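Student: Before we look at any single feature, could you take me through how one goes about reading a structure like this?

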Amino acid sequence: MSVPINDLLEPKAHRKGRLCVTGTGTTVHRIAVWYKMGMSPEEISREFVHLPIAGVYAALAYYHANQAEMEAEIAADQAEEERIEAEWLAARQEQEKIAA
């Protein structure tokens with residue numbers, strides 16, 4: 001029995017409408033980041049046992065087909081993470097000054 005490729009990925013509203021491997025909350029973005037960090041598709045599927053290998057390959061196919069857009073979104077996510085971390089650190093330092 002064959003599986004249509006578009007059955008392997010699904011959008012998730014709680015993930016900003018981004019595509020996830022079907023049946024999981026793992027986004028194509030997250031898989032692309034792991035892949036860019038040097039993990040092979042097989043390593044990703046082994047490390048995160050809830051991710052079927054077909055879903056990992058489908059995510060990477062989508063990433064490569066839409067690489068420019070995906071890279072821009074990944075960069076924006078990383079910038080937002082850095083901004084939030086900087087705000088948290090500044091608030092923590094301020095609290096430490098008050099407590100001292």
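Tutor: What follows is a reading of a predicted model, taken topic by topic.

Student: Let us begin with burial and the core: which residues of the largest nonpolar core touch the most other members?

Tutor: The general idea is to look for buried nonpolar residues joined through their side-chain atoms. Here the largest nonpolar core holds 17 residues, and those touching the most other members are Leu9, Val28, Ile31, Trp34, Ile44, Leu51 and Val56. Helix H1 (28-36), helix H3 (53-65) and helix H4 (67-99) are the elements that give two or more residues to this core, and H3 provides the largest share, five residues.

Student: How should I read a helix that takes part in such a core, and which residues of H1 are buried?

Tutor: An α-helix has 3.6 residues a turn, so residues three or four places apart point the same way. In H1 the buried residues are Val28, His29, Ile31, Ala32 and Trp34, and the elements covering them include S1, S2, H2, H3 and H4. Ile31 gives a view of this covering at the level of one residue: beyond its neighbours within four places in sequence, Ile31 is in contact with Val21, Thr26, Ile44, Leu51, Val56, Ala59 and Leu60. Just after H1, Gly38 takes a positive phi of about 110°.

Student: Val21 appears among those contacts; where is Val21 found, and is Val21 buried or exposed?

Tutor: Val21 is found in strand S2 (residues 18-21), and its relative accessible area of 1% falls under the 20% cut-off, so Val21 is buried. Leaving aside neighbours within four places in sequence, Val21 is in contact with Leu8, Leu9, Glu10, Thr26, Ile31, Leu51, Pro52 and Gly55. As for distances between parts of the chain, the C-alpha atoms of Val21 and Ala54 are separated by 9.2 Å, although these residues are 33 places apart along the chain.

Student: What should I look for in the loop between S2 and H1, where Thr24 is found?

Tutor: In a loop, one asks about burial and about what the side chains reach. Thr24 counts as buried at 8% relative accessibility, and its side chain reaches the backbone nitrogen of Thr26 at 3.1 Å. Leaving aside neighbours within four places in sequence, Thr24 is in contact with Glu10, Lys12, His50 and Leu51. Thr26 has its place in the loop between S2 and H1 and counts as buried at 9% relative accessibility. With neighbours within four places again left aside, Thr26 is in contact with Leu19, Cys20, Val21, Ile31, Trp34, His50 and Leu51.

Student: How many aromatic pairs does a search of the whole structure find, and how does one read them?

Tutor: One reads the distance between ring centres together with the angle between the planes, since planes under 30 degrees apart count as stacked. The search finds one aromatic pair, formed by Trp34 and Phe48, which is stacked at 4.0 Å centre to centre with 5° between the planes. Because Trp34 lies in helix H1 and Phe48 in the loop between helix H2 (41-47) and H3, the pair ties together parts that are 14 residues apart in sequence. Trp34 is buried, with a relative accessible area of 13%, whereas Phe48 counts as partly exposed at 22%.

Student: Turning to the loop between strand S1 (9-12) and S2, what is there to note about the phi of Lys16?

Tutor: Backbone angles are read together with the residue type. Lys16 has a positive phi of about 60° although it is not a glycine, and at 66% relative accessibility Lys16 counts as exposed. Arg15 also lies in the loop between S1 and S2, but counts as partly exposed at 36% relative accessibility. Not counting residues up to four places away in sequence, Arg15 touches Cys20, Gly25 and Thr27. The C-alpha atoms of Arg15 and Ala99, 84 residues apart along the chain, are separated by 38 Å.

Student: Finally, how is a pocket read, and which residues lie closest to the centre of the largest one?

Tutor: Rolling a probe the size of a water molecule over the atoms shows where empty space is left. About 420 Å³ of space lies in the largest pocket; of the 15 residues that line this pocket, Arg18, Thr27, Arg30, Asp77 and Glu81 are the closest to its centre. H1 and H4 each supply at least two residues of the lining, and the largest share, five residues, comes from H4.

Terms used. Residues are numbered from 1 along each chain as its sequence is written. This is a predicted model: local features need pLDDT of at least 70, side-chain atom pairs count only at pLDDT 80 or more; totals for chains, interfaces and linings use all residues. Side-chain values use heavy atoms; hydrogens and water are left out. Helices (H or I, at least four residues) and strands (E, at least two) are DSSP runs, numbered from the N terminus. Buried means under 20% relative accessible area, exposed over 50%, partly exposed in between (1.4 Å probe, protein chains only). Contact means heavy atoms within 4.5 Å. A nonpolar core is a set of buried Ala, Val, Leu, Ile, Met, Phe, Trp, Tyr and Cys residues joined through side-chain atoms within 4.5 Å. Rings of Phe, Tyr and Trp (its six-membered ring) pair if their centres lie within 6.5 Å; planes under 30 degrees apart count as stacked, over 60 as edge-to-face and the rest as tilted. A polar contact is a pair of N or O atoms within 3.5 Å; within protein, one must be able to donate a hydrogen and the other to accept it, and residues adjacent in sequence count only if both atoms are side-chain atoms. On a 1 Å grid over the protein atoms alone, a cavity is a set of points where a 1.4 Å probe fits but cannot get out, and a pocket is an open set with protein on both sides within 12 Å along at least five of seven lines; lining residues have an atom within 4 Å of a point. Grid points are joined across faces, edges and corners, and a volume is the space filled by probe spheres set on the points.
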